[in-house]
Amino acid sequence: MEIVFEHLIKLQDIDSNISGTSAFLDVVPARLEAIDRQIRDTAEIVAQAKEKLVANQKKRRDYEGEVKEIRTHIAKFKRQLNDVKTNKEYSALQKEIEDTELGAGRIEEEILREMIAADDIEREIKAANARQTEEKGRIGKEREAILAEQKDLEARKAELIKEREAVLPEIPPDQLRIYLRITKRLNGVAMSPVTDDFCSLCQMRVRPQVLNDLLGRNALITCEACGRILYIQRPPENEHGPVEIVDDPDKVDDSNIL
Ligand SMILES: [Zn+2]
């Protein structure tokens with residue numbers, strides 16, 4: 001019975017397309033995750049800037065509290081000035097008041113610095129918000145494109161699976177078993193066309209006897225090197241005419257005929 005290689009070739013073509021489509025589909029979740037990470041990153045920058053402002057405001061409140069407390073002390077010292085008995089005590093207290101005022105002044109400078117820093121932080125928040133809005137728009141579009149691509153790939157895969165179901169009954173079960181065994185073992189590629197007397201998948205030269213057997217189309221023959229099913233593509237009709245077969249029965253080697 002002549003082997004109809006075309007069905008096996010078609011099945012291989014479909015299977016290769018299915019695995020290519022699946023490979024693209026498999027990376028979709030990682031691509032979406034990468035996009036979502038970008039959204040989270042921009043949100044994180046906004047959140048960090050806002051936290052900075054909260055910390056700044058707390059610092060200012062703390063400083064203001066300290067200054068208020070110091071001012072209370074100063075007022076108390078000033079009241080005590082009226083009660084001192086000696087000049088020495090008066091000078092000492094006066095000195096204490098001056099030192100405390102200096103301390104209060106330093107903290108007030110800190111408050112001013114924090115106020116200036118707050119302006120910078122406000123600008124930072126504004127910029128981070130603008131960036132987030134811009135990124136959301138860009139990333140949103142990118143996300144939509146990936147989802148549309150995923151939908152197309154899923155439709156394509158479903159179509160290929162239908163095509164596969166249609167071609168399977170065309171292939172005799174024993175041939176299909178061999179094909180499936182080889183695809184499982186050799187990364188999904190069981191069929192290898194012979195090109196210029198070479199196995200096109202592993203580049204091993206195909207012996208002339210094997211070439212003759214292949215042209216006979218009576219059995220599945222695997223490549224002696226890579227183990228894939230070899231076949232000779234039929235030239236397009238009316239182009240080069242029939243292929244010459246040199247048949248030498250003495251030299252037939254059926255060691256790798258399945
Ligand atoms: Zn090979």
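## Domains, sheet and helices of a predicted model

The chain is divided into two parts, domain 1 covering residues 18-168 and domain 2 covering residues 173-251. The model is predicted. Taken over C-alpha atoms, the centres of domain 1 and domain 2 are 66 Å apart.

### Overall dimensions

The radius of gyration of the chain is 42 Å, whereas a compact globule of 258 residues would have a value near 18 Å. Along the principal axes, the C-alpha atoms fill a box of roughly 135 × 35 × 35 Å. Of the 258 residues in the chain, 11% are buried. Among contacts with a sequence separation of 6 or more, 75% are between residues 24 or more positions apart.

The secondary structure consists of five helices and three strands. Their order along the sequence is α-α-α-α-β-β-α-β.

### The sheet

The three strands form an open sheet in the order 2-1-3, with mixed pairing. Strand 2 and strand 3 are the edge strands, each pairing on one side only.

Strand 1 (residues 191-195) runs parallel to strand 3 (residues 229-231), and three bridges join them. On this side of strand 1, Met 191 has Ile 229 as its bridge partner in strand 3. Strand 1 and strand 2 (residues 198-199) run antiparallel and are joined by two bridges. Here Val 194 is opposite Cys 199 of strand 2, and Thr 195 is opposite Phe 198 of strand 2.

The residue pairs named above are set out here.

| Residue in strand 1 | Partner residue | Partner strand |
|---|---|---|
| Met 191 | Ile 229 | strand 3 |
| Val 194 | Cys 199 | strand 2 |
| Thr 195 | Phe 198 | strand 2 |

The connection between strand 1 and strand 2 is a hairpin with two residues between the strands. Asp 196, in the turn, has a positive phi of about 50 degrees.

### Helix 4

Which residues of helix 4 are buried? They are Tyr 179, Ile 182 and Thr 183. These buried residues line one face of the helix, because they fall within an arc of 100 degrees when seen down the axis of helix 4. They pack against helix 1 (5-26) and strand 3. The face turned away from the buried side carries exposed residues: Pro 173, Asp 174, Arg 177, Arg 181, Lys 184 and Arg 185.

Helix 4 spans residues 173-185, which is 13 residues. The distance from its first C-alpha to its last is 18 Å, close to the 18 Å expected at 1.5 Å a residue. After helix 4 comes Asn 187, with a positive phi near 55 degrees.

### Helix 5

In helix 5 (residues 208-216), the buried residues are Val 210, Asp 213 and Leu 214. Viewed down the axis of helix 5, they lie within an arc of 100 degrees, so they line one face of the helix. As a general point, an α-helix has 3.6 residues a turn, so residues three or four places apart point the same way. The buried residues of helix 5 pack against strand 1 and strand 3. Strand 3 is thus named for both helices, since the buried residues of helix 4 also pack against strand 3. Helix 5 is followed by Arg 217, which has a positive phi near 55 degrees.

### Two partly exposed residues

Where is Arg 205 found? Arg 205 is in the loop between strand 2 and helix 5. Arg 205 counts as partly exposed because 14 C-beta neighbours lie inside 10 Å; a residue would be buried at 20 or more, and exposed at 12 or fewer. Leaving aside residues up to four places away in sequence, Arg 205 touches Asp 197 and Phe 198. Phe 198 is also the residue that stands opposite Thr 195. Arg 205 and Glu 224 are 19 residues apart along the chain, and their C-alpha atoms are separated by 9.4 Å.

Glu 64 lies in helix 2 (residues 28-81). With 14 other C-beta atoms within 10 Å, Glu 64 is partly exposed. Between Glu 64 and Ile 97 there are 19 Å in space, C-alpha to C-alpha, and the two are 33 residues apart in sequence.

How values were computed
Residues are numbered from 1 along each chain as its sequence is written. This is a predicted model: local features need pLDDT of at least 70, side-chain atom pairs count only at pLDDT 80 or more; totals for chains, interfaces and linings use all residues. Domain bounds come from an automatic or database domain assignment. Two strands pair if DSSP finds at least two bridges between them. Helices (H or I, at least four residues) and strands (E, at least two) are DSSP runs, numbered from the N terminus. The expected span of a helix is 1.5 Å times one less than its number of residues. The arc is that of the directions from the helix axis to the C-beta atoms. Two residues are in contact if their C-beta atoms, placed from the backbone, lie within 7 Å. The radius of gyration is taken over C-alpha atoms; the globule rule is 2.2 Å times the number of residues to the power 0.38.
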